[in-house]
Amino acid sequence: MEMGDSPSFITKNRRSIVLTSVILGILTVTVTSVYVFQRVGNKNNIVTPIPIPTATQKSVTALGRIEPWENVIKVASSPSMAGAKVKNLLVSQGDKVKKGDTIAITTDFDSKKAELETAKQEVRIAQANLTIVQTGAKQGTIDAQKASIERLKAELQGVIATDEARISRLKALLATETDEKQATIVRSKSEVNNALSEFQRYQELAKDEVISQSNLESKQLTFETANQRYAEAKASYQKTVTTLREEIRQVEAESTQKINTLTQQIAEAEAKLSEIREVRSIDVIQAQTQVDKAIALIKQLEIDLDLTIIKAPTDGRIIEIIAREGENIDNAKGVVEMANTSQMVVVAEVYESDISKIKLGQETKIKSDNNSFSEILLGRVVEISPKIGKKDVLETDPAASVDSRVVEVKIAINPEYNDKVSQLIYAQVIAEILL
């Protein structure tokens, strides 16, 4: 205290300091109480903090996948070619093809081509016969008809000889297989009997505690294994016999049908030969009908031959080989997958809550989610789906909801980036749609 300070002045100063300290203390307690109260209130959902104003949203971000503008096409053979295999595959993955280009040839190609050549020969014969009828050359007509009969008879003899050989071979195979399978059954049965006898003997020894339980179980396993082999031998015998007998029956039925057909054709040809006396309009009409029928058959066979050639239905790129040479063609899966990659798009899945902000023409930035490309691509919104569904493109965040409701938005990638993504079909990307 300085000499000039009076006691009253000191007392007033002290009171001011105390008053100030009290006020500050009250404010501190009040602020602390409010903070604590708000913390507790938030936990109990009683007090809601005052929301802090946020900045205006400038973009919508969504996961997406790269696809061609048009759908991916599965190119398969005709349904009438069921069971065919790929004979020649003429494209590789990544190849560009034009509409109509040959992609593959099926194994039916050679047989269909042979049928077509035979049909063309039939046309030449029918046309020759028509010419003979029209010129009125009786002897020529007779000679042509005789040649037709001889051809049919030769074909009949060929069918008979071929089918008899096939049937004889199958019967011989049936006899051989039957003997072998029966011998296997007998041998297996003997093994079962021996194993059973041994097992029963060990059962008696086990009762007398002469052998261990493991020895008994070993004999039991031997018996059961032999019994299983015996059952398999009988099943194999039955399957082999049934299969071969059915094959023999089928060959005999087909042979009978072909023989009956050719016999009928020979009878008709011989009847016609006996009726040939003079040129009549009805004869010309009949000969012309045969020509027309043969030509119609050629047209059908040309269609059948064309069906064995699998062609590109449109311009595009081969993106996957499904069936290679020698493999069966599954029409549900196709031989190849192809798509027109001249215009690539991103199918982005925008959350339902954000879809009202999306408009056609909005610019978009596209980034790779897995570093399949490094730079940022640009695009523009060209289509907004009217349907709301579940997510298809999954996030890497395990906590993210996979059942979120989304709308598919199609974004056309700018043409200058097309070559960078044309071979990244279904690659996962992040699309930032600028509002």
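The exercises below, each with a worked solution, concern a predicted model of one protein chain.

**Exercise 1. The chain as a whole**

Describe the make-up of the chain: how many helices and strands does it have, and what percentage of its residues count as buried?

Solution.
Step 1. Go through the secondary structure: there are six helices and 13 strands.
Step 2. Turn to accessibility. The chain has 435 residues, and 31% of these count as buried.
Step 3. Look at the contacts with a separation of 6 or more. Residues 24 or more positions apart account for 78% of them.

**Exercise 2. The largest pocket**

Find the largest pocket and state which elements line it.

Solution.
Step 1. Begin with the volume: the largest pocket holds about 1,000 Å³ of space.
Step 2. Identify the residues around it. The lining has 28 residues, and E122, S148, R151, Q265 and Q290 are the closest to the centre of the pocket.
Step 3. Assign the lining to elements. Two or more residues come from each of α2 (109–135), α3 (138–207), α4 (213–275) and α5 (281–307). Helix α3 gives the largest share, eight residues.
Step 4. Sort the lining by residue class: 12 residues are nonpolar, eight are polar and eight are charged.

**Exercise 3. The nonpolar cores**

Determine which residues touch the most other members of the largest nonpolar core, and which elements contribute to this core.

Solution.
Step 1. The largest nonpolar core has 25 residues, and those touching the most other members are I66, V346, V350, I358, I366 and I411.
Step 2. The elements giving two or more residues to this core are β1 (59–68), β9 (344–351), β11 (377–390), β12 (405–413) and β13 (428–434).
Step 3. Take I66 as an example and leave out residues up to four places away in sequence. The residues that I66 touches include M344, V345, V346, F373 and V429.
Step 4. Another core lies apart from the largest one; it has 20 residues, among them V192, A226, Y237 and L244.

**Exercise 4. A salt bridge between two strands**

Locate the partners of the salt bridge between E408 and R65, and decide for each whether it is buried, partly exposed or exposed.

Solution.
Step 1. The N to O distance between the side chains of E408 and R65 is 3.1 Å. The cut-off for a salt bridge is 4 Å, so this pair qualifies.
Step 2. E408 is in strand β12 and R65 in strand β1, and 343 residues separate them in sequence.
Step 3. Apply the limits: buried means under 20% relative accessible area and exposed means over 50%. R65 has 13%, so it is buried. E408 has 33%, so it is partly exposed.
Step 4. Widen the view. R65 and E408 belong to a network of salt bridges that also links E67 and E349. The structure holds 20 salt bridges.

**Exercise 5. Two further salt bridges**

State where the pairs E198 with K219 and E375 with K420 lie, and how exposed their members are.

Solution.
Step 1. In the bridge between E198 and K219, the closest N and O atoms are 3.8 Å apart. Because E198 lies in helix α3 and K219 in helix α4, the pair ties together parts that are 21 residues apart in sequence.
Step 2. E198, at 23% relative accessibility, is partly exposed. K219 is also partly exposed, at 24%.
Step 3. E375 and K420 form a salt bridge with an N to O distance of 3.1 Å. E375 sits in the loop between β10 (363–368) and β11, whereas K420 sits in helix α6 (residues 418–421), 45 residues apart.
Step 4. E375 has a relative accessible area of 32% and is partly exposed. K420 is partly exposed as well, at 42%.

**Exercise 6. Backbone angles**

Say where N371 and Y426 are placed, and what is notable about the phi of each.

Solution.
Step 1. Recall the general rule: most residues other than glycine have a negative phi.
Step 2. N371 is not a glycine, yet has a positive phi of about 60°. N371 lies in the loop between β10 and β11, and is exposed, at 70% relative accessible area.
Step 3. Y426 is not a glycine either, and has a positive phi of about 70°. Y426 is in the loop between α6 and β13, and counts as partly exposed at 48%.

Definitions and conventions: Residues numbered from 1 in each chain as written. Predicted model: local features only at pLDDT ≥ 70, side-chain atom pairs only at ≥ 80, totals over all residues. Heavy atoms only, no water. 1 Å grid on protein atoms, 1.4 Å probe; cavity = no way out; pocket = protein on both sides within 12 Å on 5 of 7 lines; lining within 4 Å. Points joined across faces, edges and corners; volume = space filled by probe spheres on them. Helix = DSSP H or I, 4+ residues; strand = E, 2+ residues; numbered from the N terminus. Nonpolar A, V, L, I, M, F, W, Y, C, P; charged D, E, K, R; others polar. Core = buried A, V, L, I, M, F, W, Y, C linked by side-chain atoms within 4.5 Å. Buried < 20%, exposed > 50% of the residue type's maximum accessible area, 1.4 Å probe, protein only. Contact = heavy atoms within 4.5 Å.
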